[in-house]
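Subject: Model for you to look over

Hello,

Here is the model I said I would pass on. Please open it first, then read my notes below.

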Amino acid sequence: MKNEFLENWHSQLRKGLLPLYVLHILDQKQCYGYELIQDIKAVFSVDVAEGTLYPLLIRLMKEELLTHQWVEQPSGIPRKYYAISAVGKSNLAEMKAYTNLIITKING
Amino acid sequence: MKSITLENKSAQRIYNDYIHRCKKAVKILPQNDQQDCLLEINSHIFEYLSAEKGDDQTEALLNVLARLGPPEEMLKELVATKKVEQAKRTFNPVHLLEAIFLNLSNGFIYIILFFLFVIEISLPVLIVLELIYPERIGFFTNKHGGFYLGYGPEESGSREWLGNAVIPFMLVMIAVIYAFMILLLRITKTTKKILQ
């Protein structure tokens, strides 16, 4: 049974790891918003709220870690595809290295 | 923007109302930012409804709208950020004022900017007053060592320093304060970048 402390810690961690999840998924393929939410759920078992994801995407775009492109669809409702930039890739590599370092240390 | 057509009439009304609220929430932004934002919300609703086809359409629509949240709340951060970008880009005082108001709760710097804006709009008023009461407007010092800029009293021992240069001085002040405000906005962004 999880106590309150653990639950808080877990939610903080999830929040902190979200940029890593987003960059990791976009490193595999470009995605539109809804797809990204589904992929994060499938890979990391985390259900990100739209109200959390979209502001994060805006911040990552502002920091130039992501790029975007509107792609027309047969439905007439285009999709906004997000892709990782070169800056994003190098940041992702550092984030992964750091996460791995922590894991190695705690497994000591 | 192409609207989504829904089979259920009530669902269509809920959708239309939601999009209408989104449009209102982003109205203050430049046209292309408005368009981009509305297209993305519309696309998200469409993709969600296409993926959750099995469910009742109204139910699915209500679910996705609940996930998105009320437009006014969901778009608050975006609108404030985009407005600052516009103010920095255009040098337009109206956008600057809107950016300051939208961000008043986002840090002390915006309160400083607000006061600078008040000073900024009072300077043209002084220029008009200078045309009406040339002797009473200027930079004054009195015999006690005090000094101030603005509308001066008819006090013995006070001296006005600017003379005919009052209007050019005010114009320069307006430009300097404005440039300083834009600079503050730009610095705010950079410091945030470093902290993140």
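My notes follow, starting with chain B and ending with chain A.

First, a caution: this is a predicted model.

**Overall form of chain B**

Chain B has 8 helices and 3 strands. Seven helices come first from the N terminus, then three strands, then a final helix: α-α-α-α-α-α-α-β-β-β-α. The chain is extended. Its C-alpha trace spans about 85 × 40 × 25 Å along the principal axes of chain B. The radius of gyration of chain B is 26 Å, whereas a compact globule of 196 residues would be near 16 Å. Buried residues account for 23% of the 196 residues in chain B. For contacts in chain B between residues at least 6 apart in sequence, 49% link residues at least 24 apart.

The domain assignment splits chain B into domain 1 (9–74) and domain 2 (89–195). Their centres, taken over C-alpha atoms, are 43 Å apart.

**Where chain B meets chain A**

The contact involves 18 residues of chain B and 14 residues of chain A. On the chain B side, α2 (31–51), α3 (57–68) and α5 (76–90) each supply at least two residues. Helix α2(B) gives the most, with 9 residues. By class, that side of chain B has 8 nonpolar, 5 polar and 5 charged residues.

**The annotated transmembrane regions**

UniProt, in an unreviewed entry, lists residues 108–133 and 165–185 of chain B as "transmembrane region". What does the model show there? Residues 108–133 of chain B are 96% helix and 0% strand, with end C-alpha atoms 37 Å apart. Residues 165–185 of chain B are 95% helix and 0% strand, and their end C-alpha atoms lie 30 Å apart.

Helix α7 of chain B takes in residues 108–132. This helix has 25 residues and reaches 37 Å from its first C-alpha to its last, close to the 36 Å expected at 1.5 Å a residue. Tyr110(B), Leu113(B) and Glu130(B) are buried in α7(B). Note the charged residue in that list: Glu130(B) is buried, and Glu counts as charged.

**Arg186(B)**

Arg186(B) sits in helix α8 (residues 166–195) of chain B. Is this residue buried or exposed? Arg186(B) counts as exposed because it has 11 C-beta neighbours inside 10 Å, and the cut-off for exposed is 12 or fewer. Val64(B) is 122 residues away from Arg186(B) along the chain, and their C-alpha atoms are separated by 36 Å.

**Chain A**

An unreviewed UniProt entry carries the annotation "domain: Transcription regulator PadR N-terminal" for residues 22–94 of chain A. In the model, those residues of chain A are 56% helix and 19% strand. The end C-alpha atoms of residues 22–94 of chain A are 14 Å apart.

Two backbone angles in chain A deserve a check. Ser45(A) is not a glycine, yet it has a positive phi of about 55°. Ser45(A) lies in the loop between α2 (33–44) and α3 (50–62) of chain A. With 7 other C-beta atoms within 10 Å, Ser45(A) is exposed.

Glu64(A) also has a positive phi, near 65°, in a residue other than glycine. Glu64(A) is in the loop between α3 and β2 (66–71) of chain A. Glu64(A) counts as exposed, with 12 C-beta neighbours inside 10 Å.

Best wishes

Key: Residues are numbered from 1 along each chain as its sequence is written. Chains are lettered from A and ligands numbered from 1 in the order in which they are written. This is a predicted model: local features need pLDDT of at least 70, side-chain atom pairs count only at pLDDT 80 or more; totals for chains, interfaces and linings use all residues. Domain bounds come from an automatic or database domain assignment. Two residues are in contact if their C-beta atoms, placed from the backbone, lie within 7 Å. Helices (H or I, at least four residues) and strands (E, at least two) are DSSP runs, numbered from the N terminus. UniProt positions are given in the numbering used here, feature names are shortened, and annotations may be inferred rather than shown by experiment. The radius of gyration is taken over C-alpha atoms; the globule rule is 2.2 Å times the number of residues to the power 0.38. A residue is buried if 20 or more other C-beta atoms lie within 10 Å of its own, exposed if 12 or fewer, and partly exposed in between; C-beta atoms are placed from the backbone. The expected span of a helix is 1.5 Å times one less than its number of residues.
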